[in-house]
Structures are given as C-alpha cells and as structure tokens.
Amino acid sequence: MIAFSIYLIISFLLCIFYGYVITAALQSWKELPVWQIPLNFQPKIFISIIIPVRNEEANIQACLRSILQQSYPKDLYEIIIIDDHSTDRTAALVTQLKKENPQIRLFNLQDVINGKLINSYKKKAIELGVLQARGTLIVTTDGDCVAQPDWLLLLASLYELKQAKCIAAPVNFFQEKNLLERFQSLDYMGTMLLTGAGIHAGTMRLSNGANLAYAKAIFEELQGFSGINERASGDDMMLVQKIAAKYTQDIYFLKNPNATVFTKAKPDWQSFLQQRIRWATKSSAYREWRITFVLAMVFFLCCNILLSLLLILFFGSVMILIFFMQIIIKTFFDYQLLYEACRFFKRQDLMRSFLPAQALHIIYIAIIGFAGNFIKKYEWKGRRVR
C-alpha cells in the first residue's frame, strides 16, 4: 500500500511538472514578438552561408536554387559548400551550378584532413567553412534543406538591429506522405515553439544547425568547437550554449514563419530512430542543466505512463484511473502546445494526426530515452561515430 501511494504521488508530480513546463513555454512564446523586417531596412552586412554536405545529390540543387533566389542582394552573400567525402554526384552538381553563380564556392574536406580519421566530420567541415568565409555573419544550413525568399533578409535585419551574437531560427518538415512523417512534423513544430520560448525566457537554448546564424568574430573568439568537439553532432545546441555562457543576453530566436527552412522527415522507422538516437546521445553533454532535466522528466513521465498501462494487469480498475489521468493531462497540454505551433506555422492540417501521433510520442520518447543512454555509437552518413 505504501509503495502504491508513492507511485501515485510520483505519477501526479510528473504530470504537474509537465503541465507547468508546457504552460510556461506557451506563455513565453506568446510574449516573444514576431520579427518583421523594418520598412526602411537597407542590408549592409556580407553573409557567408556554410553548407556541409555528404552524398546529397538528390537534394543539393533544390537547396542551392532556393538560396540563389533570395531577396537579399546577391553581392552581399556567398555560399560555401564543404563536400565531406561524397561518393555520389554531389560535388559535380555543385560545380555545375557554380559556373553560372560565382557566389558559390566549393571546398573538399578530404583536402584538409588528409585521410585522418576523426569523430566530428561536420564540425570540422563548418570550421573549414568559417576559415574560408568572407562574411561578417555566418549562416549554416544543410544540403537537404530549402529556404524561403526572405530568409537571409530576416536573419540580417535581426542581426544588425539587435546586435545579436547568435540567432536560432525555425526548421520544419514538409511534403509528408504518411503518419510517421506527419508525426515527425508535429513533434518538431512543438520543438520549434519550445526553442523560441526557451531562448526568449533565457532558460533553455535549443537550436538546429539547419537554420543557425552567428557572428564570425564570436566563433573565432570562442575558438569554434574547441571543447565541444568530442561528439559527432552538437554543432548547433552545444555551440549556442557555449556562446550563451559568455553572451547571455545576445542570443535570439527569429520568430517569423517566413524564416523557416524546410526539409523532409525521415521516410522509415530505421532512419528516424537512428536520427533521434543521435540527438539523444549528446543530451548529457549540454552545458545548460535545465535542458537535461526537462528531457529527463519528460522521459520519466512517458515511462511512467507505459508502466501504469502494464500495472493494470495487476491492480485493475485503480490503475486504469491513474493511467487515464496521465493520458488526459499529457494530451491536454500537448494539444495546447501543438495547436499553437501549427497555427503559427500555418500547418493546422497536421492536427488531424494528433491522436495517433500522441500514442507514438509516448512510446518513442521511452525508447529513445533508453537507447540514448546505452548506445554510444551510431550510424550517421554511412559512418560509425559517437
């Protein structure tokens, strides 16, 4: 009986904590103003867009064309492609576009590392890109992303007018074909809201390297990825948190749907789980303890819900009540979060998949949470890394 009472209290406290986190995030998100380009804004800064690529022949042309069609003045930006040992036609396709667009520059990572085995190829590629960059502002994205026309103009205006040291901006999935892909879109839209809310509140600095900007001078001042290059990934959040440790008030989130870059969700469970395990393995290395703590509490809540479902076999109707209490509370707050995110990003159609996605979310968080703590090496871009 005592054990059951303790379990009931823990279950209730986890639900209360979850509700508090979501409510606080929603409040912070609503307080964060939508960034608009001032009517009299005249771009002045030169931007270097760095794109590390590996075997992206299916996506790189669409990515580059979306950047070449920017409303930002063409003489004020360059596109630096760092080819990371591609074995397909990625480099050839970039070279083809480069002939007609002189602002495209192509470098090969293998020329720098000379066959040396390293763990973080992407970070090394970005460091090479920054070294070659002529711009004041560094913007990173991925070879499988497409940008909207005002992307650079929005980033540059926020950078110039706010004197920002670092800017995180939205990344969302598009062109979903099935429930798994719609689930990923819903999940990531919620993450974008949490990212903006956390940065605005100064409590959690989340980010995505597919849409990230920072001053070149700051990257050089902090010696780039030095001290955070022990893991293959982490070129985004670990770097942002490193910058935030010195420039706490100068980190911004660009809240504007037109600043979103788009990419496609993982098409199958294997690639999806590999991606999320990769993300989970770096969580213990975050400098900001609040992120790790919140992630841990969400993991415990999902495990607690699944455990309650299992315990129905032993405790019957009482455990059914606890299980449905947990489900109702989590579903209520998740709906508030995702509805607001979908409304802002004009993707209300995704809410039709909310209920099945909710079930997937509980299971996936539990699986990834366990896997991220026990799996130290994983496959990424055809390599075995940690």
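Reader: Before we go into this predicted model, what is a nonpolar core here?

Author: Happy to start there. In this predicted model, the term covers buried Ala, Val, Leu, Ile, Met, Phe, Trp, Tyr and Cys residues that are joined through side-chain atoms within 4.5 Å. Such a set of joined residues is called a nonpolar core.

Reader: Thanks! Which residues have the most contacts inside the largest nonpolar core?

Author: The largest nonpolar core holds 128 residues. The residues with the most contacts inside it are I47, I49 and I79.

Reader: Which residues is I47 in contact with, leaving aside its neighbours within four places in sequence?

Author: I47 belongs to strand β1, whose two faces are both covered. With the sequence neighbours set aside, the contacts of I47 are Y72, L76, Y77, E78, G135, L137, V139, L152 and A156.

Reader: How many residues of β1 are buried?

Author: It helps to take the faces one at a time. In a regular strand, side chains alternate between the two faces of the sheet. On one side of β1 sit I47, I49, I51 and V53, on the other S48, I50 and P52, and all of these are buried. For strand β1, residues 47-53, the count is therefore seven of seven.

Reader: Which residue in β2 is the bridge partner of S48?

Author: Strands β1 and β2 (residues 77-83) run parallel and are paired over seven bridges. Together with helix α2 (residues 60-68), they make a right-handed β-α-β unit. Within β2, S48 has as its bridge partner E78.

Reader: And in β4, which residue is the bridge partner of I50?

Author: Strand β1 also pairs with β4 (residues 137-140), again in the parallel sense, over four bridges. There, the partner of I50 is T140.

Reader: Which strands stand at the edges of the open sheet with the order β5-β10-β7?

Author: This open sheet has three strands and mixed pairing. Two of its strands have a single partner each, so one side of each is left without a neighbour in the sheet. Those edge strands are β5 (146-147) and β7 (171-173).

Reader: In β10, what is the bridge partner of A147?

Author: β5 meets β10 (residues 261-263) in the antiparallel sense, over two bridges. In β10, A147 is partnered by V261.

Reader: Which elements do the buried residues of α9 pack against?

Author: Helix α9 (residues 237-246) has eight of its ten residues buried, so it is largely enclosed by the rest of the structure. The buried ones are M237, M238, L239, V240, Q241, K242, I243 and A244. The elements they pack against are α5 (121-132), β6 (166-168), β8 (212-215), α8 (216-221), β9 (251-253) and α11 (289-315).

Reader: How about A280: is it buried or exposed?

Author: A280 is found in helix α10, residues 269-281. Leaving aside neighbours within four places in sequence, A280 is in contact with I368 and G372. Its relative accessibility is 17%, and the cut-off is under 20%, so A280 counts as buried.

Reader: How far apart in space are A280 and V240?

Author: V240 is one of the buried residues of α9. Along the sequence, A280 and V240 are 40 residues apart. From C-alpha to C-alpha, the distance is 17 Å.

Reader: How many disulfides does a search of the whole structure find?

Author: Two cysteines show the reasoning. C15 has the sulfur of C302 as its nearest cysteine sulfur, 10 Å away. The sulfur of C302 is itself 7.1 Å from its closest cysteine sulfur, in C303, which is too far for a bond. Across the whole structure, the number of disulfides found is zero.

Reader: Is the aromatic pair of F17 and F293 stacked or edge-to-face?

Author: The structure holds 21 aromatic pairs. In this one, the ring centres are 5.5 Å apart. The planes stand at 85°, and over 60 degrees is the cut-off, so the pair is edge-to-face.

Reader: How many residues apart in sequence are the parts that this pair ties together?

Author: F17 lies in helix α1 (residues 2-31), while F293 lies in helix α11. The pair therefore ties together parts whose separation in sequence, in residues, is 276.

Reader: Last one: what is the angle between the planes of Y335 and Y339?

Author: Both residues lie in helix α12 (residues 317-344), four residues apart, about one turn of the helix. Their rings form a stacked pair, 5.9 Å centre to centre. The angle between the planes is 15°.

Methods
Residues are numbered from 1 along each chain as its sequence is written. This is a predicted model: local features need pLDDT of at least 70, side-chain atom pairs count only at pLDDT 80 or more; totals for chains, interfaces and linings use all residues. Side-chain values use heavy atoms; hydrogens and water are left out. Buried means under 20% relative accessible area, exposed over 50%, partly exposed in between (1.4 Å probe, protein chains only). Two strands pair if DSSP finds at least two bridges between them. A crossover is right-handed if, with the strands pointing away from the viewer, the path from the first strand over the helix to the second runs clockwise. Contact means heavy atoms within 4.5 Å. A disulfide is a pair of cysteine sulfur atoms within 2.5 Å. Rings of Phe, Tyr and Trp (its six-membered ring) pair if their centres lie within 6.5 Å; planes under 30 degrees apart count as stacked, over 60 as edge-to-face and the rest as tilted.
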